[in-house]
Amino acid sequence: MKALILVGGFGTRLRPLTLTLPKPLVEFGNKRMILHQIEALAEAGVTDIVLAVNYRPEIMEKYLAEYEKQFGINITISIETEPLGTAGPLKLAENTLRKDGTPFFVLNSDVTCNYPFKELAAFHKSHGDEGTIVVTKVEEPSKYGVVVHKPNSPSRIDRFVEKPVEFVGNRINAGMYIFNTSVLDRIELRPTSIEQETFPAMVKDGQLHSFDLEGFWMDVGQPKDFLTGTCLYLSSLAKKGSKLLTPNTEPYVHGGNVLIDPSAKIGKGCRIGPNVTIGPDVVVGDGVRLQRCVLLSGSKVKDHAWVKSTIVGWNSIVGRWARLENVTVLGDDVTIADEVYVNGGSVLPHKTIKQNVDVPAIIM
Amino acid sequence: MSLQVPHREKPSSGSGATKAVILVGGSSRGTRFRPLSLDVPKPLFDVAGHPIIWHCLTAIEKVPSISEVYLIGYYEESVFRDFIKDASSEFPNLSIKYLREYQALGTAGGLYHFRDAILKGRPEHIFVLNSDVCCSFPLNEMLELSDSRDAEAVILGTRVSEDAANNFGCIVSDAHTRRVLHYVEKPESYISNLINCGVYLFNADALFPSIRTAIKRRTDRPRLASHRSSEHLSSSFMIDDEDSEKNEVIRLEQDILGDMADSKQFFVYETKDFWRQIKTAGSAIPANALYLQKAWQSGSKELAAPSANIIPPVYIHPSASVHPTAKLGPNVSIGPRVTVGPGVRIKESIVLEDSEVKHDACVLYSIIGWGSRVGAWARVEGTPTPVTSHNTSIIKNGVKVQAITILGKECGVGDEVRVQNCVCLPFKELKRDVANEVIM
């Protein structure tokens, strides 16, 4: 089987992290975002993966070559010279996607969940129509486009309602699909939207079904959601009883959902958790308090610091008695001086912060 | 027209007996020192490990000719009893007495009311110190200037920035002779950046006559203003008791100093050393810092020895318990029986007696009230103001807030809670983050 991952641009919404690495290479739960998806696809029997990008991804190639070897699959990069929207990239990669005539997966690279590719493929085969989109239940459907099914059918889609005022359903497009190759006949090579143009045509022909996603789902395209998505991901690991999580018997673990790379060092008298990810080669000093945060590889949090709802970028240093909170994001190689308070600061790479940031601000 | 100074028997070179008066005010005053003055009279509030007026006494003790000190104010007698007892043993060369005004008479009115006591033993000079002043009190230098100029009065002056000057009494002086040419209290327009420090040295023979002149003028003026008919004028010298009391509200700054400038025998000693007013509760933080630095420079043995975790100057009361991993300083005072836990950071702050700061907490630019508790990983924080500033408020999001965070008596800050630029009245528990607020 084959898959296309819609990567798109460099990921400006996830800056300042994406000033250093393209979004698919940012670690989510101590694993690069793209690797979560490649791993799940390979496990579902996918042999060819196309990454649809619209920038020159030199830095990606090295990692992709590694993953090809690791999973024994082919990964190609399909570069758009102009952005082709969400459907155009499928046409651009037509040659690969048509290979062997079996259905192919399409997924948005911003989405995190327990990828249900095997079950999705089986369901798709069972109904025999052209396409299946994964849908997820949301609490506030009025903010999204809601899927409405045909009467007497649990899965065949009747229509989409954008931001419904009245309740019509609570299932929304989760950004993951499986299509028969015939869908490529519906798409022209031009900037075009799969949601706006392709799906309505398929719905009209009664060819589009929905598949309910189990468990969590999150678009992690921006820092706030990246943190929330990390919490959901860690909770799902806990639910599965994953060995990756640090056991709650460790004296410093507080409230669970703590993921620590084995190469990280943790000081004395710390209180860590819930919902904390600590990357490779991170050094956490004595008496540090961490909760709902992500420490990316090579970063250092010094003694007695307090960090909450924060992403500490690669190789960054958080000073002693510093306090970071309210979706603070430190880019690569940022230094927060001792005793400094940062409230919702987005700090660009290589900056040193010596004074309090009392209100949310971007520090250039 | 200058006041007639009688010929003195002693030559000006040798100082005769000198007395000192510390004006301590009363509980209805000093409201700006709340919430701390709700529990302790401002003059007895500890900065750099000692009550504010203790710092005055250490300076007074260094003047050899002073053996008697009066505290004048309108607090109840009992308020200063313990302090006077302790100070009398600590300063054995000084006799310290509290003279209580039964009503606020004004700074000069109070002096005048107790003139018999003050003049007993015929002192030649009288120092008058406002207790809400923090400075190095160069009293001997003032005395020298007084003797060399045969002065009726010497005022301590200091230079401040031009935009701050109008908040103080302003002195225009002759740069060469140091003679005060003009004195005006809180002028509307800029007159001089040399301001009144609230420390005076008077010639005993000149002080009371000039207060009397001011009282007389006060007595005459309201009568003339309120009773226009001539039949009342004839009885204007017959002052009934009630009026006489009212008219004794005479303040040194407004009613006396201006006249003294006319006397030609009024001089200013300009200090280049530190000077701050202790008005708001937050101003105890710069005062604490300045007195600690003074103690550090003079090699005081009271201060904690510097180390990796003690950045001098730091005062730690012998009965306090500070964990060796806590990092303190600079400019920190830790009061009696305080507990400071492991990994705590305290900087530019006063921690008052019986309070506790738990592990990994951070206290910056703050005053922790008596018996208060700061939780683990909590952050209690004020905002540093410029060293040269005489102001303890700052503008945050367009609103004036106190730069120094102050916890009143027996307040609690929960674990991991952050308190910034807040003033918290006694007995409050802070369980959530707060910033830029007064917490009732």
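Salt bridges first. Between chain A and chain B there are 6 of them. Keep in mind that this is a predicted model.

Take one example. B:R345 pairs with A:E339 in a salt bridge. Their closest N and O atoms sit 2.4 Å apart.

Now look at chain A's side of the contact. Which strands of chain A each supply at least two residues to the side that touches chain B? They are β19, residues 289-295, and β23, residues 323-325. And what kinds of residue are on that side? There are 7 nonpolar, 5 polar and 7 charged residues.

Polar contacts come next. Counting pairs with both residues at pLDDT 80 or more, 16 residue pairs are in polar contact between chain A and chain B.

Next, the extent of the contact. Chain A puts in 19 residues, and chain B puts in 20. How do we put a size on that? The size of an interface is often given as the accessible area lost when the parts come together. Here, chain A and chain B bury about 1500 Å² between them. Carbon and sulfur atoms account for 39% of that area.

Who carries the load on chain A? Three residues stand out: A:W321, A:R323 and A:E339. Together they supply 42% of the area that chain A buries against chain B. No other three residues supply more. You have met A:E339 already, as the salt-bridge partner of B:R345. A:R323 falls within β23 of chain A.

On to the cavities. How many of 30 Å³ or more does the structure hold? There are 5.

The largest has a volume of about 100 Å³. Lining it are 13 residues. Closest to its centre are B:D46, B:G49, B:I334, B:G335 and B:P336. Two strands of chain B each give at least two residues to this lining: β17, residues 332-334, and β20, residues 349-351. By class, the lining has 7 nonpolar, 4 polar and 2 charged residues.

The second largest cavity has a volume of about 60 Å³. Where do its lining residues come from? From chain A come A:H304, A:W306, A:W321, A:A322 and A:R323. From chain B come B:D360, B:A361, B:C362, B:W377, B:A378 and B:R379. You should recognise two of those names. A:W321 and A:R323 line this cavity, and they also belong to the trio that supplies 42% of chain A's buried area against chain B. As for classes, this lining divides into 7 nonpolar, 1 polar and 3 charged residues.

Note on methods: Residues are numbered from 1 along each chain as its sequence is written. Chains are lettered from A and ligands numbered from 1 in the order in which they are written. This is a predicted model: local features need pLDDT of at least 70, side-chain atom pairs count only at pLDDT 80 or more; totals for chains, interfaces and linings use all residues. Side-chain values use heavy atoms; hydrogens and water are left out. Contact means heavy atoms within 4.5 Å. Buried area is the accessible area (1.4 Å probe) that two parts lose on being put together, summed over both. A salt bridge is a side-chain nitrogen of Lys or Arg within 4 Å of a carboxyl oxygen of Asp or Glu. A polar contact is a pair of N or O atoms within 3.5 Å; within protein, one must be able to donate a hydrogen and the other to accept it, and residues adjacent in sequence count only if both atoms are side-chain atoms. Helices (H or I, at least four residues) and strands (E, at least two) are DSSP runs, numbered from the N terminus. Ala, Val, Leu, Ile, Met, Phe, Trp, Tyr, Cys and Pro count as nonpolar, Asp, Glu, Lys and Arg as charged, and the others, Gly among them, as polar. On a 1 Å grid over the protein atoms alone, a cavity is a set of points where a 1.4 Å probe fits but cannot get out, and a pocket is an open set with protein on both sides within 12 Å along at least five of seven lines; lining residues have an atom within 4 Å of a point. Grid points are joined across faces, edges and corners, and a volume is the space filled by probe spheres set on the points.
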